[in-house]
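Trainee: I have a model open and would like to go through it with you. Can we start with the general picture and then look at single residues?

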Amino acid sequence: MDLTAVPVTKPDDLNVIIGQSHFIKTVEDLHEALIGVSPHLRFGLAFCEASGLRLIRHSGNDPDLVELAVENAQAIAAGHSFIVFLREGYPVNVLPAMRQVPEICGIFCATANAVEVLVAETDLGRGIIGVIDGQPPLGVESESDQTDRKLLLRQIGYKL
């Protein structure tokens, strides 16, 4: 087995969601789930088909993000994996809708951080075994850090 760390290529201001699914219908169902979250959400998605024609299927409402998703899916090239890039929206807003898509088996990450996808390759094919999402912690939050965290969540409207 070969193990490779595939870096996700993206601008710093984009969020990315990487997951695994099981059926070609994923592309249309994810598109419908994402478009239903917000009329302002911009996204591109790509899905690596693991059988049949084994194509990278894609969709979205932002051509640049669709192209970016396809490029990253080609680099990852793991069966039944998908990648979604978001602009003008955040994973916290779309994950509940995505989790309702019946084909979704799991989500590896949802982040704006730098990401590397750990891909294992055997004679059978390639699969995602995990992700590296950002840097390790530098310490434990203090009371002041807790206050700042709570204030930020209220400032951006996620808590009352």
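Trainee: How much area does the protein expose, and what share of it do carbon and sulfur atoms supply?

Mentor: About 9500 Å² is exposed, and carbon and sulfur atoms supply 54% of that. Bear in mind that this is a predicted model.

Trainee: How many helices and strands are there?

Mentor: The protein has four helices and eight strands. Along the sequence they run β-β-α-β-β-α-β-α-β-β-β-α.

Trainee: What radius of gyration does the protein have, and what would a compact globule have?

Mentor: The protein has 17 Å, and a compact globule of 160 residues would have a radius of gyration near 15 Å, so the value agrees. Along the principal axes, the C-alpha atoms fill a box of roughly 55 × 40 × 25 Å.

Trainee: What percentage of the residues is buried?

Mentor: Buried residues are 38% of the 160. As for contacts between residues at least 6 apart in sequence, 65% of them join residues at least 24 apart.

Trainee: Switching to charges. How many positive and negative ones are there, and how far apart are their mean positions?

Mentor: There are 12 positive and 21 negative charges, and their mean positions are 6 Å apart.

Trainee: Now the inside. Which residues have the most contacts within the largest nonpolar core?

Mentor: They are Val8, Ile18, Ile76, Ile83, Phe85 and Val117, in a core of 22 residues. At least two residues of this core come from each of β2 (15–20), β3 (42–48), α2 (63–76), β5 (81–87) and β7 (115–121). Helix α2 gives the largest share, seven residues.

Trainee: Is there another core apart from that one, or what else lies inside?

Mentor: Another core, of 17 residues, lies apart from it; Ala33, Phe43, Val84 and Met98 are among its members.

Trainee: Back to Val117. What does Val117 touch, leaving out residues up to four places away in sequence?

Mentor: Val117 touches Thr4, Ala5, Val6, Val8, Ile18, Ile76, Ile128, Gly130 and Val131.

Trainee: And α1, how many of its residues are buried?

Mentor: Seven of the ten residues in α1 (26–35) are buried, so the helix is mostly covered. The buried ones are Thr26, Val27, Asp29, Leu30, His31, Ala33 and Leu34.

Trainee: What covers them?

Mentor: The cover includes β3, β4 (56–60), β5 and α3 (91–99).

Trainee: Glu28 is missing from your list. Is Glu28 buried or exposed?

Mentor: Glu28 has 57% relative accessibility; the cut-off for exposed is over 50%, so Glu28 counts as exposed. Glu28 is in helix α1, and its C-alpha atom is 9.6 Å from that of Arg57, 29 residues apart along the chain.

Trainee: What about Ser81, buried or exposed?

Mentor: Ser81 is buried, with a relative accessible area of 5%. Ser81 lies in strand β5. Leaving aside neighbours within four places in sequence, Ser81 is in contact with Gly19, Gln20, Ala46, Phe47, Cys48, Ile76 and Ile128.

Trainee: Just before that strand, where is Ala77 found?

Mentor: Ala77 is in the loop between α2 and β5. Its phi is positive, about 50°, although Ala77 is not a glycine. Most residues other than glycine have a negative phi. Ala77 is partly exposed, at 36% relative accessible area.

Trainee: What is phi of His80 near?

Mentor: Phi of His80 is near 55°, a positive value in a residue other than glycine. His80 also lies in the loop between α2 and β5.

Trainee: Towards the end of the chain, where is Pro137?

Mentor: Pro137 is in the loop between β8 (126–133) and α4 (143–155). Pro137 is exposed, with a relative accessible area of 74%. From Pro137 to Phe85 the distance is 25 Å, C-alpha to C-alpha, with their positions 52 residues apart in sequence terms.

Trainee: Last one. What does Arg154 touch beyond four places in sequence?

Mentor: Arg154 touches Lys159 and Leu160. Arg154 lies in helix α4 and counts as partly exposed, at 40% relative accessibility.

Terms used
Residues numbered from 1 in each chain as written. Predicted model: local features only at pLDDT ≥ 70, side-chain atom pairs only at ≥ 80, totals over all residues. Heavy atoms only, no water. Rg over C-alpha atoms; globule rule 2.2 N^0.38 Å. Buried < 20%, exposed > 50% of the residue type's maximum accessible area, 1.4 Å probe, protein only. Contact = heavy atoms within 4.5 Å. Areas by Shrake-Rupley, 256 points an atom, 1.4 Å probe, with all protein chains shown as cover. Lys, Arg positive; Asp, Glu negative; His and termini not counted. Charge placed at Lys NZ, Arg CZ, Asp CG, Glu CD. Core = buried A, V, L, I, M, F, W, Y, C linked by side-chain atoms within 4.5 Å.
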